[in-house]
Amino acid sequence: MRLFATLLAALMLFATPQAGAQQRPLVWGDTLPATLDMHAVFDVPSQFVLLNAYDGLYRYQGNDLVPWAAESHTVSADGLTWEFKLRPGIRFHDGSTMTAADVVYSFQRLLALKRAPAAAFTPVLTPENVTAVDERTVRFVLSQSYGPFLAAMPIVAILNPRVIAPHVKNNDWGAEWMAANDAGSGAYVVNPANYQARVSLDMARFPDHFMGWAHNPRAIDQVRSRPVMETSTRVLSLMRGELDSTDSYLPTDQVERVDRNPRTRVAQDQSMRVFLLRMNNRKAPFDNLDVRLCFAHAFNYEGFNNIILKGLVVRNAGPNPNNLWGNPAGMEPYKFDLALARQHCDRARAAGAPLGRDIEIHVQTELEQTVQAAQMFQADLRRVGVNLKIVPNTFAGIVTATAAANTTPDMWVHWVSAYFIDPENWVGQMYDSRFHGTWKASSWYSNAEVDSLLTRARTSVVQAERQELYAAATTIIFRESPDIWVYNTVNLRGLSRRVQGYSFSPVGSGGELRLMSLSE
Amino acid sequence: MARYVLRRILLALPALLGLVLLTFVLVRVVPADPAAMLAGDAATPAQIAEIRARYGLDQPLWQQAVTHVRQVLTGDLGSSIFSGRPVVEEIGFRLPATLELTFVALLLSVVLGVPLGLLAALDHNGPVDQIVRLLSVGGLAIAGFWLAIMLQLVFSMELDLLPLRGRMDVALGNPPRFSGLFLLDSLLAGRFDMAGNALKHLVLPAVTLCLPGLASIARFTRSGVLETLQKDFVLYARAAGYSPFRLATIYVLRNAVTVTVTQVGLLFGALISGAVAVEAIFDWPGLGTYAVQAILAADYKALLAVTLVVGVVYAVVNVLVDVVQALVDPRVAEQLK
């Protein structure tokens with residue numbers, strides 16, 4: 001009888017959910033960055049770590065830039081001196097308080113490492129020009145006025161120098177240790193014991209985060225980041241309930257399937273990520289405006305956007321995303337018109353443009369859309385007597401080739417994502433000739449008037465003036481058609497229906513965990 | 001025997017040195033500049049050049065090659081230029097995953113392939129032989145990625161019998177780390193729930209990976225057995241009244257299997273390279289996916305280390321195969337004496 005009672009009790013333990021049972025962790029399936037050192041990497045995957053394990057002085061929420069670790073800032077009339085006032089009582093994960101000295105250390109480390117996130121600051125900022133005025137005030141003195149300075153501020157994670165100091169080796173600023181550890185103050189704490197680069201990252205809620213948790217009474221306590229490399233496996237894992245999210249680039253042909261599944265849905269958010277086909281303006285035949293216009297009219301925008309991508313993108317007229325400020329009013333996008341394209345090509349041939357040779361277009365083989373766009377373009381260009389040769393490549397290979405005009409391919413296909421929300425990120429860095437030699441400026445477009453307008457826009461801190469200058473530059477660029485601008489991305493993230501409060505941002509696709517909860 | 005093993009190891013060393021040099025040249029002549037990737041999207045050519053100089057990428061290729069060989073000889077495979085972590089540490093996490101998958105696939109290939117080959121040969125041109133032939137052709141012809149997706153759809157999505165991806169359920173975490181082989185580590189820790197879970201995760205990727213190997217082992221065993229069956233000693237053994245089962249498993253198979261053992265060594269290399277696609281589809285965090293990520297990011301240090309580690313593993317397996325061959329076939333052992 002006693003045995004029976006014990007067995008019954010044991011069975012009941014299995015059958016009845018225990019009061020206060022632990023919530024099943026959120027399993028995030030987006031890509032992880034190569035390192036956790038937020039001063040060494042700046043790409044879309046790194047944003048997930050940056051947003052959740054770290055805090056910056058400012059932060060993007062949606063399309064808006066909001067004060068974050070800083071409660072306010074001031075800028076001098078000449079645009080050179082910027083001061084940021086820290087909020088009081090911000091705690092790092094080790095319990096120590098964030099001070100202005102920590103911000104100074106973070107910028108000095110960033111500028112010393114000179115890796116990707118530093119690139120936005122190195123032209124205007126030197127380490128000795130970042131100083132702490134008092135416990136809570138940081139001063140930046142720029143070598144020249146730089147309008148996008150505030151917009152670029154969320155790039156920089158503020159680190160805790162006290163936890164890094166014991167791990168510094170050979171003046172490496174603790175780089176090796178930081179690659180797999182946490183020195184932040186963000187809403188979630190990294191568990192370094194379970195971390196494997198690009199494979200797994202476990203995080204736990206930081207109860208003492210300075211923003212508090214009153215906004216989200218059912219905040220997620222435990223997060224498991226488990227990126228899945230292969231698209232079909234990623235989608236199946238979501239539908240099977242093994243993952244709570246995919247990355248935010250769900251293939252358009254999977255959207256209906258994921259939305260139809262009772263346990264999953266697709267979050268659709270217009271981003272700021274422009275898909276374009278580059279043309280090497282320095283090289284014949286693209287040094288001829290008629291050739292560029294011929295190509296601009298030979299791309300079937302509607303067919304690509306509406307049929308191949310099922311209308312899950314937004315036609316984008318110029319280099320800046322449609323939903324960004326600084327675009328000229330009423331800019332009508334180029335239209336697919338083969339008769340007009342043929343006229344331009346014929347005129348170019350008459351002027352001696354070598355359109356008889358194969359035009360090479362480099363695609364990123366692992367990104368299917370780049371291949372699809374090139375294949376569709378190849379078929380249409382054949383109808384105007386141009387032979388397009390598709391060359392498989394990788395992003396790394398193409399970036400290397402774009403260092404010089406003579407090695408830059410005739411054409412290549414890629415996206416320009418939002419690293420910071422400012423026209424400087426797109427039109428500024430793509431068409432000012434000072435950026436020649438970088439992949440962003442790889443069309444080798446050169447126009448002194450545009451250079452002047454973009455320089456003035458970059459060095460002004462008056463928003464209305466900057467808006468006008470960027471619009472004027474974009475108008476000229478659009479007319480000269482240096483590239484083929486196709487669409488602005490709608491980010492598609494597959495989500496489990498138990499995930500509530502997902503919030504999108506064009507910078508790094510969002511994924512701010514402190515706003516999310518789980519419905520079960 | 002010890003001298004034989006030592007000689008085989010010494011012979012493998014120059015091959016590995018050649019591998020180090022060859023892969024270095026191949027990886028570095030590929031036009032992908034890691035400095036440009038490191039510097040970020042807005043970096044000027046001057047900033048990129050500075051990073052190139054910092055990592056020694058501006059030195060002449062031969063000088064970089066000498067530095068690389070010197071580092072390898074001292075056991076230093078360098079750090080991944082993207083993660084900043086020692087490559088040995090990163091590979092230390094990935095290699096056991098690949099080895100676990102490859103060994104299980106190899107085991108399945110041998111355990112199923114040898115009996116199938118034997119049965120096919122014993123029923124030469126009979127129904128069993130025809131079925132095994134069909135399976136062999138199928139095993140070699142079916143594309144691994146297609147089979148992987150089909151297995152996922154049937155056994156994970158439809159029947160809900162096996163997991164879709166990964167090495168272990170997220171809720172269980174990872175077993176305490178001894179070898180990095182989840183199955184073994186779970187058993188050593190006495191966590192039978194984890195061992196069962198690891199085994200379930202292994203089934204689909206291992207079946208996908210083993211199929212071409214299984215087919216080729218079945219074919220080799222079959223032809224080896226057929227050849228041995230023609231030998232005089234088989235005729236005498238039959239005349240002496242040995243039972244067909246004893247004749248086949250003890251006398252014929254032992255003589256026929258030497259070719260198969262050699263095949264296993266070659267197969268191991270094929271399985272490791274085949275694991276790239278299987279790892280990607282089943283989200284298996286092994287060396288294959290690591291190599292793909294390294295290629296895409298132009299992380300040449302990581303790529304060089306992967307090729308070297310795979311080369312070393314391949315060389316070790318081949319030495320082991322030679323030893324096993326000597327143990328199985330007394331004629332080989334006699335030659336060694």
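In this predicted model, strand β9 of chain A, which covers residues 201–205, pairs with β10(A) in the antiparallel sense, and 4 bridges join the two. Individual partners can be picked out along this pairing: A:Leu201 has A:Ser225 of β10(A) as its bridge partner, while A:Ala204 is partnered in β10(A) by A:Gln222. Strand β10 of chain A, residues 222–225, also pairs with strand β1, residues 26–28 of chain A, but here the sense is parallel and the pairing runs over 3 bridges. Within that pairing, A:Leu26 stands opposite A:Val223 of β10(A).

These pairings belong to an open sheet of 4 strands in chain A, whose order is β1-β10-β9-β8 and whose pairing is mixed. At the edges lie β1 and β8 of chain A, the latter made of residues 188–190, and each of these edge strands pairs on one side only. If direction is ignored, neighbouring strands of the sheet are turned against each other by 25° on average. When following the strands by eye, it helps to recall that in a regular strand the side chains alternate between the two faces of the sheet.

Chain A can also be viewed through its domains, since the assignment divides the chain into domain 1, residues 35–188, and domain 2, residues 271–490. The centres of these two domains of chain A, taken over C-alpha atoms, are separated by 33 Å. Contact between them involves 17 residues of domain 1 and 12 residues of domain 2 of chain A. On the side of domain 1 of chain A that touches domain 2, there are 12 nonpolar and 5 polar residues, and no charged residues.

Turning to chain B, one may ask at what angle the axes of helices α7 and α9 of chain B cross. Helix α7 (residues 144–158) and helix α9 (residues 192–229) of chain B have axes that come within 10 Å and cross at roughly 150°, and α7(B) and α9(B) are therefore roughly antiparallel to each other. Their crossing is right-handed. From α7(B), the contact draws on B:Gly144, B:Leu147, B:Ala148, B:Leu151, B:Gln152 and B:Phe155, and from α9(B) on B:Leu204, B:Val207, B:Thr208 and B:Leu211. Sorted by class, the residues of this contact of α7(B) with α9(B) comprise 7 nonpolar and 3 polar residues, with no charged ones.

Another helix pair in chain B is formed by α11(B) and helix α13, residues 300–328 of chain B, whose axes come within 10 Å and cross at roughly 175°. That angle makes α11(B) roughly antiparallel to α13(B). Among the residues that meet here are B:Val257, B:Val261, B:Phe268 and B:Ile272 in α11(B), and B:Val310, B:Tyr314, B:Val317 and B:Val321 in α13(B). The contact of α11(B) with α13(B) contains 11 nonpolar, 6 polar and 1 charged residues.

Finally, the two chains meet in a contact that takes 46 residues from chain A and 39 residues from chain B. On the side of chain B, at least two residues each are supplied by α2 (34–39), α3 (45–54), α5 (87–122), α7, α11 (244–281) and α12 (287–297). The helices α7 and α11 described above are thus among the elements of chain B that contribute to the side touching chain A. The residues on this side of chain B divide into 23 nonpolar, 9 polar and 7 charged.

Technical notes. Residues numbered from 1 in each chain as written. Chains lettered and ligands numbered in written order. Predicted model: local features only at pLDDT ≥ 70, side-chain atom pairs only at ≥ 80, totals over all residues. Axes fitted to C-alpha atoms, helices over the stretch in contact; angles between N-to-C directions. Parallel < 35°, antiparallel > 145°, perpendicular 65-115°, else oblique. Left-handed = near helix turned anticlockwise from the far one by under 90°. Contact = placed C-beta atoms within 7 Å. Nonpolar A, V, L, I, M, F, W, Y, C, P; charged D, E, K, R; others polar. Pairing = 2+ DSSP bridges. Domains from an automatic or database assignment.
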